[in-house]
Amino acid sequence: MSLGCKWSLFSGQESFHPVTNVMFLKTHKTASSTVINILYRFTEKWNLTVALPAGQLFHLGYPWLFLTKYVEGFKSLNGTFNVMCNHLRFNPTEVQKVMPNNTFYFSILRNPIFQLESSFVYYKGYVPAFQKMKSLNEFLASPLRYYNENVSIRNTYARNNMWFDFGYDNNKSGKDYVRGVITEIQQQFQLILISEYFDESMVLLRNTLHWDLDDVVYFKLNSRSENTIQNLTRESQEKVKEWCALDWELYQHFNRTFWQKIREVIGLKKLLKEVALLRERQRELMDICIQDGEPKNKTQIKDARLRPYQSGQASILGYNLKQHLDNETMAMCRRMVMPEIQYMSHLYSQQFPTNPPKNIKLQ
């Protein structure tokens, strides 16, 4: 039996052609690496062209505002890009020069409490505000003692990081400012997903873009081992809402609109049915692909090409694949577990075979 045949259904949407021009604003520490794997697989399925970082870059100019010069082959391939999804700081006028007029724009947000905790562990050695702190609780007790706005470009991960990713000033405040930015984001992006409801987000994305269920099935990527997750006190959690007030406003607003979109596009009854199907397919593929059926730390991953990049104090997990799979199944499984940097480098070499390959350093 073909691995995808019984799942390649549009559930009554067969008359729609799948949307193939998409721009995903990849926010930080929001499960966006799992989304990018879904998008990379989709590009290979349809033989699409991705706006990839130029030369030896791994981001599209981040943390600086995006410019077209950060895209490999922009001048020669201009007008033919289908997908844009690598880390960048959103700059709509420049992004629109790269992507077609009918591009679908979407992004993902996460509760700032958990987003900041993940950033602290992942970027601790890089961010000046975090470097001397033993824990995020310690930092939140008096954040202004350690956070210097004068080096804010290096401190972007320490305050309102999602707001910054959308291209705005993460140190500004004021009700009118917040309301104006949220209105702009709503006009620029057709869909904002919510990390805490990831399966529901994938079902909504699938239905909105008229994709197959298999297009959005996934294994969690770039996740951490539980022993590197810090527990925040209740007081610290409340302080995050104040310290990252812009992100908190952003998250609250789009959490509400997310459920409005669910009701408009699919309805709760169909949502529950498709989430169940998605999870069933995920379990089936996990059983087919994954050795021991669970993620592993870097020392346990046998294939060095499948080891994820490690950062800060985080222990990033990956997967071992089962052996003796047939070629087609092995290729499918490898795509699903391939870490972001390796997958991006693979696509870069495919699109630009005469260019030097990306120089990957995983530590």
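At what angle do helix α8 and α11 pack, and how far apart are their axes? In this predicted model, helix α8 (residues 198–209) packs against α11 at an angle of about 50 degrees, and their axes are 11 Å apart. Local features need pLDDT of at least 70 and side-chain atom pairs count only at pLDDT 80 or more, while totals for chains, interfaces and linings use all residues. Residues are numbered from 1 along each chain as its sequence is written, and side-chain values use heavy atoms, with hydrogens and water left out.

**Helix packing**
- α8 and α11 are therefore oblique to each other (not under 35, over 145 or 65 to 115 degrees).
- The contact (heavy atoms within 4.5 Å) involves Glu200, Ser201, Leu204, Asn207 and Thr208 of α8, together with Phe258, Trp259, Lys261, Ile262 and Val265 of α11.

**Nonpolar cores**
- The largest nonpolar core (buried Ala, Val, Leu, Ile, Met, Phe, Trp, Tyr and Cys residues joined through side-chain atoms within 4.5 Å) has 89 residues, and Met84, Phe106 and Met202 have the most contacts inside it.
- Helix α11 (residues 245–265) supplies the largest share of this core, 7 residues.
- A second, separate core has 24 residues, including Leu116 and Ile316.

**Methionine 162**
- Methionine 162 lies in helix α6 (residues 161–165); helices are DSSP runs (H or I, at least four residues), numbered from the N terminus.
- Because its relative accessibility is 0%, methionine 162 counts as buried (under 20% relative accessible area, 1.4 Å probe, protein chains only).
- Beyond neighbours within four places in sequence, the contacts of methionine 162 include Thr30, Leu109, Asp247 and Leu250.

Definitions and conventions: Buried means under 20% relative accessible area, exposed over 50%, partly exposed in between (1.4 Å probe, protein chains only). Helices (H or I, at least four residues) and strands (E, at least two) are DSSP runs, numbered from the N terminus. Axes are lines fitted to C-alpha atoms, for helices over the stretch in contact, and angles run from 0 to 180 degrees between N-to-C directions.
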